[in-house]
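Student: I have a new structure open and I'm not sure how to read it. Could you walk me through some of its features, one by one?

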Amino acid sequence: MSLGEKWGVLRDTFEPIVVDREDDVYHVTDTLCELYRNRRQLRVETTGLNYRLSVPFAPHLFGSGKTTFCRSYLELVQRFRETSLSSFASDPSRKEFLDKLREAVLLYVDMTELKPINPIEERRNLEWAVYYLLYRFACKQKGLSLMSPQDAYKKIPPLPEFLLPELRKILGISSDQFLLVAFDEVGVLDTRGQYFDLEVNDEGRVRPYNDFFGIVRGLCKQDNVFFIVVGKSKGLSIKNYTASVSKVLLHFISLSPLNSSSIVEFLEKSHLEEQVHYRVCDILCSSTFSVNELAEALLEYTGGVPGLLTRAVNMLLNYVQTRGQPFTLKDECLSCMKEDGFRTVCSEPFVTRISTLDEDTRSLLDMLLMMALYRIPFNVNDRLNSGSYLFDAVTEMGLYRHPIDMNTFQVLLPKVFIGIFEELTSLSLLERILLGSLNIEPVDCFFASKCRVFEGIVAMRLVWILSSKVRNEFRELLGRLSAIWKDMKLPINGPSPLHYIMSVSRGEARSESSKERKTYASNEWNEIIHKALGFDKVYIPKEANSYSPDIMFKLQSPVKLKFLMVGVACKSRWKSEGIGWSDVIEEAKKFLKPVYDQVLSQALEFYHCMLIIVSTKLALNVANELGNQSRCYTSGMLIGGNSFEIPPNCELVILCESDVEMLIDREILNGLERAFSTSDRPVLKNFGLGLVQRVRHSFLSWQ
């Protein structure tokens with residue numbers, strides 16, 4: 001089957017179901033209820049303590065599920081009435097609202113059809129254009145013919161008290177029945193605003209969203225009408241400006257990417273078009289390939305973004321139905337999604353924004369990639385500069401935001417996008433390494449792991465240090481400390497992306513039988529060293545709490561059959577007295593001892609093992625023994641008051657604090673200390689934008 005036959009034609013073959021979204025439904029319902037309970041205050045035209053109109057708002061990128069959510073919201077209210085919304089309705093006034101909401105009628109309005117409307121004297125009147133658009137979509141929804149704009153203007157003057165009764169008449173609903181209007185693609189105001197006469201602010205600028213939400217505010221003074229607004233836009237800038245000028249508070253609808261269990265539900269409840277007895281999971285999965293494995297594979301490449309997920313499932317269905325048999329193995333399914341053709345077709349509707357980045361936005365790419373790789377969360381109000389928010393920059397870049405909570409997010413780059421970014425001609429070497437690392441990283445690692453910025457910086461610096469073709473102080477230091485290191489082939493080929501290895505656990509820990517294995521047992525170092533670790537690659541474990549070093553790599557001698565297994569233990573202590581001998585011995589016992597027992601003792605001629613302790617702060621007794629300089633403890637030497645003996649063919653290197661600065665300079669270390677002193681999972685604000693930029697410059701200096 002050729003590439004064109006395999007992925008070239010995409011047919012919609014199934015009916016996707018909306019899953020998850022329970023939290024979003026609750027928060028939207030709560031916001032709408034506030035309007036219901038306070039509409040009388042909204043009508044009071046004074047500067048007193050009035051109710052400020054709150055509107056649910058979803059400023060997200062294509063594919064995040066905006067349109068599907070607003071179209072399905074009333075259906076979801078019915079679905080969740082016995083779960084999360086049952087507690088919502090415990091208050092009598094809220095119960096009254098919820099009972100009426102279940103009988104509401106939705107009017108969906110596509111703002112891409114907004115344009116200037118006659119009569120000629122009103123052609124630049126945004127309010128009349130919005131009113132006529134509402135009228136058009138009400139008629140379209142009921143299949144009725146339209147009045148001309150001139151006739152409509154005579155019958156429906158641009159006032160809420162005339163428009164809303166007409167909409168109710170068209171839709172066939174009574175005055176006491178709820179009307180929910182969903183404005184979609186509101187981002188068109190970025191370009192369409194120029195066609196209308198808009199309010200000019202004190203700085204001589206127009207803000208089309210201020211005018212638009214002013215129109216919505218006027219409509220909301222009428223009884224029993226509610227609004228949801230969604231669309232690609234600079235959401236935070238809009239939110240802050242409308243709050244200060246339009247007296248409208250925009251409440252973000254988070255629309256989180258789906259997790260693995262939600263994708264399982266999506267696959268089990270979605271069915272082929274007009275064939276409700278044929279579930280998607282039954283078409284794609286065989287007895288040897290479970291729906292859980294399929295969900296993990298889809299999460300791996302789509303990041304759980306609903307639009308990407310739906311498109312990927314459609315492509316897999318087309319492929320399976322064409323060849324006449326389901327997938328039999330997870331690797332078979334993954335190999336399809338790894339193909340360039342699959343990624344290109346799957347991401348096709350998303351590429352316009354990425355391929356047309358302006359220079360200022362493009363310059364943020366490496367910083368956003370670092371934030372994604374190191375799991376540096378950002379707060380909703382974090383600024384890039386006086387006029388730009390990181391929240392909006394992520395959307396402008398064509399990436400996604402993964403919510404941690406209502407005000408905190410991580411940068412999410414779905415793997416199917418990576419090929420598009422890699423085709424940008426101006427990518428730096430750093431950006432290519434970061435993209436490659438994100439492409440290799442298991443997505444469950446992204447969703448599960450906490451901030452690992454310290455280990456991430458050390459690992460990335462090691463990539464540069466090991467592959468650099470120029471004189472390198474850190475490599476020379478290790479060469480002076482260790483004769484074995486001096487024998488190794490350096491520089492390695494590269495620099496290559498960071499790679500990942502299954503974590504090591506104390507026992508025979510395995511995950512559920514239906515899922516792939518996540519860890520090695522502590523007695524499997526032979527398999528790790530011989531099969532899992534390749535030369536010229538720097539590895540980090542998938543889970544931060546692994547029973548192994550934080551970083552691993554394997555080197556070989558250029559002339560002899562000799563190999564060096566290196567583990568790096570990154571000990572970040574910001575609040576304590578520093579790393580003591582007990583910490584060092586613990587690291588040695590969980591790495592040097594099992595590696596010697598299981599591997600080196602059987603091949604002393606060929607294999608050597610080194611553990612490097614990289615500590616932000618050493619305890620006084622350790623620093624005193626080192627004499628404030630790095631030291632290498634070789635086979636047979638005793639450490640920690642003679643409580644641990646270095647095994648044969650093993651070495652333990654403890655870096656003094658000044659030599660640690662070869663990996664991370666002092667200013668970055670001080671910034672990390674400030675950040676981690678406030679939280680175990682600091683956000684960008686704790687680090688400071690300047691610190692992240694300094695980390696970036698430290699990498700670029702090695703190119």
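Tutor: Sure, let's start inside a helix: S467 lies in helix 25, residues 453-467. Helices here are DSSP runs of H or I with at least four residues, strands are E runs of at least two, and both are numbered from the N terminus. Before going on, note that this is a predicted model: local features need pLDDT of at least 70, side-chain atom pairs count only at pLDDT 80 or more, and totals for chains, interfaces and linings use all residues. Residues are numbered from 1 along each chain as its sequence is written, and side-chain values use heavy atoms, with hydrogens and water left out.

Student: Is S467 buried or exposed?

Tutor: Buried means under 20% relative accessible area, exposed means over 50%, and partly exposed is in between, using a 1.4 Å probe and protein chains only. S467 has 5% relative accessibility, so it counts as buried.

Student: Which residues is S467 in contact with?

Tutor: A contact means heavy atoms within 4.5 Å. Leaving aside neighbours within four places in sequence, S467 is in contact with R475, P491, I492, G494 and P495. You can also look at C-alpha distances: S467 and K537 are 70 residues apart along the chain, and their C-alpha atoms are separated by 9.9 Å.

Student: P491 is on that list. Where does P491 sit?

Tutor: Look in the loop between helix 27 (483-486) and strand 14 (499-501). The general idea to keep in mind is that most residues other than glycine have a negative phi, and most peptide bonds are trans. The bond from L490 to P491 is cis, with omega near 0 degrees. Another cis bond runs from N118 to P119, with omega near 10 degrees. P119 is in the loop between strand 3 (105-110) and helix 6 (126-142).

Student: And which residues other than glycine have a positive phi?

Tutor: Here are two to look at. E185 has a positive phi of about 60 degrees, and it lies in the loop between strand 4 (179-184) and helix 9 (189-192). For N642, phi is near 65 degrees; that residue is in the loop between strand 22 (638-639) and strand 23 (644-645). As for their surroundings, E185 is buried at 18% relative accessible area, whereas N642 is exposed at 57%.

Student: You mentioned strand 14. What does I501 touch there?

Tutor: I501 lies in strand 14 and is buried, with a relative accessible area of 4%. Not counting residues up to four places away in sequence, I501 touches Y520, I528, A532, L533, Y539, I540, P541, K542 and M552. Take M552 from that list: I501 and M552 are 51 residues apart in sequence, and 9.1 Å apart in space from C-alpha to C-alpha.

Student: What about the cysteines? How many disulfides are there?

Tutor: A disulfide is a covalent bond between the sulfur atoms of two cysteines. The rule used here asks for a pair of cysteine sulfur atoms within 2.5 Å. By this rule the count comes to zero. C336, for one, is in no disulfide, and its nearest cysteine sulfur, that of C333, is 6.6 Å away. C650 is in no disulfide either; the nearest cysteine sulfur belongs to C609, 4.8 Å away. Both C336, at 3% relative accessible area, and C650, at 0%, are buried.

Student: Where is C281, and what does it touch?

Tutor: C281 lies in helix 13, residues 280-284, and is buried at 5% relative accessible area. Setting aside residues up to four places away in sequence, C281 touches L267, E268 and V291. The C-alpha atoms of C281 and P326 are separated by 9.6 Å, with their positions 45 residues apart along the chain.

Student: Now zoom out for me. How many helices and strands are in the chain?

Tutor: The chain has 34 helices and 24 strands. Of its 703 residues, 57% count as buried. Among contacts with a separation of 6 or more, 74% come from residues 24 or more positions apart. The C-alpha trace spans about 95 × 60 × 50 Å along its principal axes.
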